[in-house]
Amino acid sequence: MFNKKYLTLILFSIGINIFTTSALAKVIPIQQNTINMTAQQLSAIMSSKINSERINGNFFIAGVADASEGIKWCGYDRVSAVQLWNRINRHLKTLDSEQRQERAAKVIHELLEKVYPCKKQ
């Protein structure tokens with residue numbers, strides 16, 4: 001799981017991102033529909049030309065991955081955050097229309113569980 005220093009850095013970065021985004025950039029506020037988003041919505045965020053939107057998508061993925069590591073999947077010792085974001089982003093683009101309507105967190109869990117399964121003890 002993320003250690004306290006890394007989590008502090010993430011939270012600090014979120015704060016910096018909120019306060020330094022230009023008025024022209026469309027920041028996705030944290031609301032019910034951005035927390036309980038579909039895979040299609042997350043894919044659109046991750047493909048955005050607006051950097052702050054992609055950062056928000058990365059933080060969503062990091063939160064889902066961190067909350068489920070050791071439960072749904074195991075592998076922080078085998079994969080970096082950037083590798084996770086890239087793998088998940090590529091996976092989102094391969095989904096069919098039905099899968100795109102599923103919750104993004106569910107799609108992320110299923111992919112991580114398949115690619116980085118926990119070793120049976």
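In what order do the elements of the chain run from the N terminus on? Colour by secondary structure and read along: α-α-α-α-α-α-α. That is 7 helices and 0 strands. Keep in mind that this is a predicted model.

**The whole chain**

Start with everything shown. The chain has 121 residues, and 37% of them count as buried. Switch on a surface and you're looking at about 8,000 Å² of exposed area, with carbon and sulfur atoms supplying 58% of it. If you draw a contact map, take the contacts with a separation of 6 or more: residues 24 or more positions apart account for 68% of them.

**Stop one: helix 3**

Now select residues 39–46, which make up helix 3. Show the side chains of Ala 39, Leu 42, Ser 43, Ile 45 and Met 46, the buried residues of this helix. Turn the view until you look down the axis: these buried residues line one face of the helix, because they fall within an arc of 160°. The general rule helps here: an α-helix has 3.6 residues a turn, so residues three or four places apart point the same way.

What do the buried residues of helix 3 pack against? Bring up helix 4 (51–68), helix 5 (81–92), helix 6 (97–100) and helix 7 (104–115), and you have the partners.

Stay on Leu 42 for a moment. Leaving out residues up to four places away in sequence, Leu 42 touches Met 37, Gly 57, Phe 60, Ile 61, Leu 92, Ala 104 and Ile 108.

**Stop two: the nonpolar core**

Leu 42 also takes you into the largest nonpolar core, a set of 26 residues. Select Leu 42, Trp 73, Leu 84, Leu 92, Ile 108 and Leu 112, the members that touch the most other members. Helix 3, helix 4, helix 5 and helix 7 each supply at least two residues of this core. Helix 7 gives the largest share, 6 residues.

**Stop three: the aromatic cluster**

Next, centre on Trp 73 and add Tyr 76 and Tyr 116; the three form one aromatic cluster. How many aromatic pairs are there to look for? The count is 2. In the pair of Trp 73 and Tyr 76, the ring centres are 5.0 Å apart and the planes sit at 70°, so this one is edge-to-face. Both Trp 73 and Tyr 76 are buried.

The other pair is Trp 73 with Tyr 116: centres 5.9 Å apart and planes at 55°, so this one counts as tilted. Trace the backbone between the two and you'll find that the pair links distant parts of the chain. Trp 73 is in the loop between helix 4 and helix 5, while Tyr 116 is in the segment after helix 7, 43 residues apart. Tyr 116 is buried, as is Trp 73.

**Stop four: the salt bridges**

Finish with the charged side chains. The structure holds 2 salt bridges. Select Glu 102 and Lys 106: their closest N and O atoms are 3.1 Å apart. Then add Glu 110, whose side chain meets that of Lys 106 at 2.8 Å, N to O. Lys 106 and Glu 110 both lie in helix 7, 4 residues apart, about one turn of the helix. Through shared partners, the salt bridges join Glu 102, Lys 106 and Glu 110 into one network.

Are these residues buried, partly exposed or exposed? Glu 102 is partly exposed at 24% relative accessibility, Lys 106 is partly exposed at 38%, and Glu 110 is partly exposed at 40%.

Conventions: Residues numbered from 1 in each chain as written. Predicted model: local features only at pLDDT ≥ 70, side-chain atom pairs only at ≥ 80, totals over all residues. Heavy atoms only, no water. Buried < 20%, exposed > 50% of the residue type's maximum accessible area, 1.4 Å probe, protein only. Arc of directions from axis to C-beta. Contact = heavy atoms within 4.5 Å. Phe/Tyr/Trp six-rings, centres within 6.5 Å; stacked < 30°, edge-to-face > 60°. Core = buried A, V, L, I, M, F, W, Y, C linked by side-chain atoms within 4.5 Å. Salt bridge = Lys/Arg side-chain N within 4 Å of Asp/Glu carboxyl O. Areas by Shrake-Rupley, 256 points an atom, 1.4 Å probe, with all protein chains shown as cover.
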